[in-house]
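Visitor: I'd like a close look at one part of this model: the open sheet and whatever packs around it. Could you walk me through it slowly, with the numbers left in?

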Amino acid sequence: LPAPEFARALAAHAPGCTTHAHRVRFETTPDEQERPRLELRLAAADGTPIEGAGFAFPGDRQPEARLPLPGPEHVGRIGRNHPVLFRLLGASTADRVRALAAAHGLPVTRDTRVLDWGCGCGRTARFFTDVAQYTGADVDGFNVDWCRAHLPGQWVTLPPHPPTPLPQDAFDLVFGLSVMTHLDAPVRAAWLAELARVTAPGGLA
């Protein structure tokens with residue numbers, strides 16, 4: 001894994017770290033290579049785990065590995081174009097979404113109705129192929145079209161501002177990654193109201 005990209009990802013989870021201070025090398029055994037995924041957990045020098053800091057390395061034998069990867073013209077619209085980093089961040093985000101949902105009483109199952117708000121080119125969605133009712137939505141129609149053509153699920157192009165065509169009370173779990181940070185306060189408030197509208201009673205957003 002290229003050190004600069006990995007260092008930037010680490011810095012987001014370890015306050016005070018500089019992006020040039022990390023260089024990581026690890027080797028896997030044949031037994032480890034047979035596993036569906038490997039996990040890297042981060043800890044301070046005294047061994048104390050860094051809360052929320054960890055990454056899942058998806059193995060090449062799980063269903064996600066059989067899905068096509070978007071090209072640089074798609075990945076470049078959401079971040080740096082590196083296939084290993086793309087898969088690493090997608091797997092790690094999916095793991096965190098599942099863990100947070102379970103911690104709040106909503107474990108993700110095949111029947112969970114999931115909305116990935118701001119799905120981009122499916123970086124996280126590709127790790128939810130076990131969910132039968134997965135919907136990805138984004139204002140970027142170029143990337144939504146790629147997802148529709150290459151990934152399982154339902155895909156919706158959104159307008160820049162609500163309302164949306166999404167049905168009311170339609171989803172048990174709604175999540176978005178790095179979307180609100182790009183919006184000003186009035187637009188954030190409008191989208192929060194819209195996401196509340198499409199979240200089912202007892203659901204989680």
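Guide: Here's a tour that starts at the sheet, moves to the elements lying across it, and ends at the salt bridges. Keep in mind that this is a predicted model.

Let's begin with the strand order. The sheet is open and has 5 strands, arranged S5-S4-S3-S6-S7 with parallel pairing. Its edges are S5 (154–157) and S7 (199–204), each of which pairs on one side only. Between neighbouring strands of the sheet, the average turn is 30°, with direction ignored.

Now take S3 (113–117). Of its 5 residues, 4 are buried, so S3 is largely enclosed by the rest of the structure. On one flank S3 runs parallel to S4 and is joined to it by 5 bridges. S3 is also parallel to S6, and there 3 bridges do the joining. Leu115 is a handy marker for both pairings: it stands opposite Thr135 in S4, and Val174 in S6 is opposite Leu115 too.

Carry on from S6 (residues 171–175) to S7, and you find a parallel pairing over 2 bridges. Leu173 has Leu204 in S7 as its bridge partner. As background, side chains in a regular strand alternate between the two faces of the sheet.

Next, the helices lying across these strands. Helix H5 (residues 141–150) lies across S4 and S5, and its direction makes an angle of about 165° with S5. Helix H6 (residues 185–198) lies across S3, S6 and S7, and runs at about 95° to S7.

Val198 gives you a residue-level view of how H6 sits here, being part of that helix. Its relative accessibility is 1%, so Val198 counts as buried. Setting aside neighbours within four places in sequence, Val198 is in contact with Leu115, Leu166, Pro167, Gln168, Asp169, Ala170 and Phe171. So which residue in that list have we already met? Leu115, the one opposite Thr135, is among the contacts of Val198. There's a backbone distance to go with this: the C-alpha atoms of Val198 and Val174 are separated by 8.6 Å, with their positions 24 residues apart along the chain.

S3 and S4 also turn up in a pocket. Each of them supplies at least two residues of the lining of the second largest pocket. That pocket holds about 560 Å³ of space. Its lining comes to 23 residues, and Gly118, Asp138, Leu177, Ser178 and Val179 lie nearest the centre.

The loop between S3 and S4 deserves a stop of its own. Thr124 lies in this loop, and Thr124 is buried, with a relative accessible area of 7%. Not counting residues up to four places away in sequence, Thr124 touches Gly90, Thr93, Ala94, Asp116, Tyr134 and Phe175.

That same loop brings in the charged pairs. In general, side chains of opposite charge can pair when their charged atoms come close. With a cut-off of 4 Å between nitrogen and oxygen, the model has 7 salt bridges. One of them joins Arg87 and Glu64, at 2.7 Å from N to O. Arg87 is in helix H4 (residues 83–103), while Glu64 is in the loop between strand S2 (49–58) and helix H3 (72–75), so this salt bridge ties together parts that are 23 residues apart in sequence. Arg87 and Glu64 are both buried.

Glu64 has another salt-bridge partner in Arg126, with the closest N and O atoms 2.6 Å apart. Here the pair links distant parts of the chain, 62 residues apart: Glu64 is in the loop between S2 and H3, and Arg126 is in the loop between S3 and strand S4 (133–138). Both residues of this pair, Glu64 and Arg126, are buried.

Asp130 makes a salt bridge as well, with Arg98, and its closest N and O atoms are 2.7 Å apart. Asp130 is in the loop between S3 and S4 and Arg98 is in H4, so the pair ties together parts that are 32 residues apart in sequence. Is Asp130 buried or partly exposed? At 37% relative accessibility, Asp130 counts as partly exposed. As for shared partners, Glu64, Arg87 and Arg126 are joined by their salt bridges into one network.

Methods
Residues are numbered from 1 along each chain as its sequence is written. This is a predicted model: local features need pLDDT of at least 70, side-chain atom pairs count only at pLDDT 80 or more; totals for chains, interfaces and linings use all residues. Side-chain values use heavy atoms; hydrogens and water are left out. A salt bridge is a side-chain nitrogen of Lys or Arg within 4 Å of a carboxyl oxygen of Asp or Glu. Buried means under 20% relative accessible area, exposed over 50%, partly exposed in between (1.4 Å probe, protein chains only). Two strands pair if DSSP finds at least two bridges between them. Axes are lines fitted to C-alpha atoms, for helices over the stretch in contact, and angles run from 0 to 180 degrees between N-to-C directions. Contact means heavy atoms within 4.5 Å. On a 1 Å grid over the protein atoms alone, a cavity is a set of points where a 1.4 Å probe fits but cannot get out, and a pocket is an open set with protein on both sides within 12 Å along at least five of seven lines; lining residues have an atom within 4 Å of a point. Grid points are joined across faces, edges and corners, and a volume is the space filled by probe spheres set on the points.
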